[in-house]
Amino acid sequence: MDAEKKLVGETRRASLIEWLQQEGGPLTGSYLAKKAAVSRQVIVQDISLLKARGEPITATIQGYLYVPYSATRQKEIEIIVACKHAPEQAEEELLLIVDCGVTIKNVIIEHIVYGELTAELRLSTRKDVATFLERINETGASYLSELTEGVHLHMLCATERQRLENAVAALDAAGILIKD
């Protein structure tokens, strides 16, 4: 790392916010580290500090995303659905949802020891789903739902209620939705 280009402290954190806002899409920790001439771990710590200060930064599978509260975001409708399936059905589940024009904000499980665990996903397209599944396969990571015998929740969001209803119906038809 070039000491002359290395950004420090508040200057670096201000730059992180600026870069994330300008990009409008996710930026990886590695990319931000290279741009700031610091380690990825420094970026992880900076992002944690910024989030603690209330900056609307979300960590997704694609990278960090600046998600300001806007009129569009406030118009989104959110629902939580309960699902159960085998790991082999994860792709089917995710594609059923995004193909309805719905964003999968997260996955939530109720762990026997740790309580509620939530992981941000922010999957909106088939490409997002493919990237997520590639990361799972490349790293050998498990799906959170494997810790709960396939039972998990998803927070879904869309700008139209009909899209959410279509996604729920698709999950139900596939036998993935847990109903009352």
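This report describes the annotated domains, the largest pocket, the largest nonpolar core and selected residues of a predicted model.

Residues are numbered from 1 along each chain as its sequence is written, and side-chain values use heavy atoms, with hydrogens and water left out. Because the model is predicted, local features need pLDDT of at least 70 and side-chain atom pairs count only at pLDDT 80 or more, while totals for chains, interfaces and linings use all residues.

**Annotated domains**

An unreviewed UniProt entry assigns "domain: Helix-turn-helix type" to residues 12-64 and "domain: 3H" to residues 81-177. UniProt positions follow the numbering used here, feature names are shortened, and annotations may be inferred rather than shown by experiment. Residues 12-64 are 62% helix and 11% strand, with end C-alpha atoms 15 Å apart. In residues 81-177 the helix content is 37% and the strand content 31%, and the end C-alpha atoms lie 7 Å apart. Helices (H or I, at least four residues) and strands (E, at least two) are DSSP runs, numbered from the N terminus.

**Largest pocket**

The largest pocket holds about 450 Å³ of space. A pocket is an open set of points on a 1 Å grid over the protein atoms alone, where a 1.4 Å probe fits, with protein on both sides within 12 Å along at least five of seven lines; lining residues have an atom within 4 Å of a point. Grid points are joined across faces, edges and corners, and the volume is the space filled by probe spheres set on the points.

Of the 18 lining residues, Ala59, Thr60, Ile61, Gly63 and Arg135 are the closest to the pocket centre. Two or more lining residues come from each of helix H2 (29-36), helix H3 (40-52), strand S1 (57-60), strand S2 (63-66), strand S5 (115-123) and helix H6 (126-139). S1 gives the largest share, four residues. Both domain 1 (9-66) and domain 2 (77-174) contribute at least three residues to the lining; these bounds come from an automatic or database domain assignment.

**Largest nonpolar core**

The largest nonpolar core has 26 residues, among which Val102, Ile104, Phe132 and Leu156 touch the most other members. Such a core is a set of buried Ala, Val, Leu, Ile, Met, Phe, Trp, Tyr and Cys residues joined through side-chain atoms within 4.5 Å. Elements supplying at least two residues each include strand S3 (77-84), strand S4 (103-111), strand S6 (151-158) and helix H7 (161-173). The largest share, five residues, comes from H5.

**Selected residues**

The residues tabulated below are buried, a term for under 20% relative accessible area, against over 50% for exposed and partly exposed in between (1.4 Å probe, protein chains only).

| Residue | Place | Relative accessible area |
|---|---|---|
| Leu27 | loop between helix H1 (9-23) and H2 | 8% |
| Ala37 | loop between H2 and H3 | 8% |
| His85 | loop between S3 and H5 | 8% |
| Arg122 | strand S5 | 15% |

Most residues other than glycine have a negative phi. Ala37, however, has a positive phi near 60 degrees, and the phi of Arg122 is a positive value near 50 degrees. The C-alpha atom of Leu27 is separated by 32 Å from that of Ile176, 149 residues apart along the chain.

Under "binding site", the unreviewed UniProt entry lists His85, Glu93, His152 and His154. These residues are spread over 70 residues of sequence yet cluster in space, with a largest C-alpha distance of 12.8 Å.
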